[in-house]
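Here are some notes for your first reading of this model, set out as numbered points. Please keep the structure open beside them as you go.

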Amino acid sequence: MKKQFAVIGLGRFGGSICKSLSEQGMEVLAIDTNEDKVNEFASIATHAVVADTTEENTLKSLGIRNFDHVVVAIGDNIQSSILTTLMLVEQGVNHITVKAQNDYHEKVLSKIGAHKVVHPERDMGVRIAHNIVSKNVLDYLELSDEYSIVELEAGQTVNHRTLIDLDIRAKYGCNVMAIKRDEEINVSPSADEVLRQGDIIIVIGADKDISRMEKDLF
Ligand code: ATP
Ligand code: ATP
Ligand code: CA
């Protein structure tokens, strides 16, 4: 059976989630209080309805607890976002992802039982900042406060050198998880793999170690 998703709030964030889920062939119910928004998504989502999700009976009549995953993307109205989330938790929805507006909002959402809280503006800011600081950092995924996965573009310094030669694990405590070369991706490369300029190297490690390695080699 196809997974059933519901997206509440069709602003830029919720709208983009809704579109992408539909493009991936998922069943999506799009919900917003704003009729214009709902009309805009009528041809994109499987169903689109005008509804205020802070009303408990409305949520119940939509059968919201039967959905596999509900995304709350109510932006500026923090109170509505919290109230909606609380009722989804109370009705026993299995997976609830909520967009937080700020750190306090995030804290409240986690406390009341949201399964995943996302903070796209902040997270994107961090990623872009890393990207701006070093032009070799193509992408960046924060695993925790201390650990990350980064995508680095191989430059002159590492051209024609092997992982043994660079001694990345021993010297920097980082692990090369994969090497992308054109369309090919080499997962868990061997120690004698020869790097080439332009390769994309995916590395996991502590932030301080990654940045040492970046300075020396990228
Ligand atoms: P983004 O930053 O992602 O573009 P936004 O800043 O546009 O979002 P808002 O406009 O505040 O965020 O909210 C997103 C949508 O959520 C709006 O289209 C709004 O009508 C809808 N919305 C707000 N409150 C409710 C509610 N109680 N029930 C359903 N939809 C709601
Ligand atoms: P191990 O058995 O510890 O996984 P190995 O068999 O892959 O190592 P070694 O000959 O021990 O290869 O590797 C020598 C050095 O090459 C390691 O200490 C390390 O610095 C570096 N190295 C090898 N593979 C990687 C990798 N995937 N990422 C980072 N460094 C690596
Ligand atoms: Ca916004």
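1. In this predicted model, the shell around ligand 1 divides by class into six nonpolar, eight polar and six charged residues. Of the 20 residues around this ligand, the ones that come nearest are Arg12, Phe13, Asp32, Asp52 and Asp76.

2. Several polar atoms of the protein can be located beside ligand 1, and Phe13 places a backbone N or O atom 2.8 Å from an oxygen atom of the ligand. In Asp52 an N or O atom of the side chain is 2.9 Å from a nitrogen atom of ligand 1, while a polar backbone atom of Gly75 is 3.1 Å from an oxygen atom of ligand 1. On its own, ligand 1 has 620 Å² of accessible area, of which the protein covers 82%.

3. The largest pocket is the space taken by ligand 1.

4. For ligand 2, the shell has seven nonpolar, one polar and two charged residues, and the residues around this ligand include Ile164, Arg169, Cys174 and Ala191.

5. Which backbone contributes a polar atom 2.7 Å from a nitrogen atom of ligand 2? Val176 does, through a backbone N or O atom, and Asp167 has a polar side-chain atom 2.9 Å from an oxygen atom of ligand 2. The protein covers 59% of the 590 Å² of accessible area that ligand 2 has on its own.

6. Helix H7 (163-166), helix H8 (168-172) and strand E9 (175-181) each give two or more residues to the shell around ligand 2, and the largest share, three residues, comes from H8.

7. As for the chain as a whole, the domain assignment gives domain 1 (4-118) and domain 2 (123-217), with 36 Å between their centres, taken over C-alpha atoms.

Conventions. Residues are numbered from 1 along each chain as its sequence is written. Chains are lettered from A and ligands numbered from 1 in the order in which they are written. This is a predicted model: local features need pLDDT of at least 70, side-chain atom pairs count only at pLDDT 80 or more; totals for chains, interfaces and linings use all residues. Side-chain values use heavy atoms; hydrogens and water are left out. A residue is near a molecule or strand if one of its heavy atoms lies within 4 Å of it. A polar contact is a pair of N or O atoms within 3.5 Å; within protein, one must be able to donate a hydrogen and the other to accept it, and residues adjacent in sequence count only if both atoms are side-chain atoms. Accessible areas come from the Shrake-Rupley method with a 1.4 Å probe; for residues, only the protein chains shown count as cover. On a 1 Å grid over the protein atoms alone, a cavity is a set of points where a 1.4 Å probe fits but cannot get out, and a pocket is an open set with protein on both sides within 12 Å along at least five of seven lines; lining residues have an atom within 4 Å of a point. A molecule sits in a cavity or pocket if more than half of its atoms lie within 2 Å of its grid points. Ala, Val, Leu, Ile, Met, Phe, Trp, Tyr, Cys and Pro count as nonpolar, Asp, Glu, Lys and Arg as charged, and the others, Gly among them, as polar. Domain bounds come from an automatic or database domain assignment. Helices (H or I, at least four residues) and strands (E, at least two) are DSSP runs, numbered from the N terminus.
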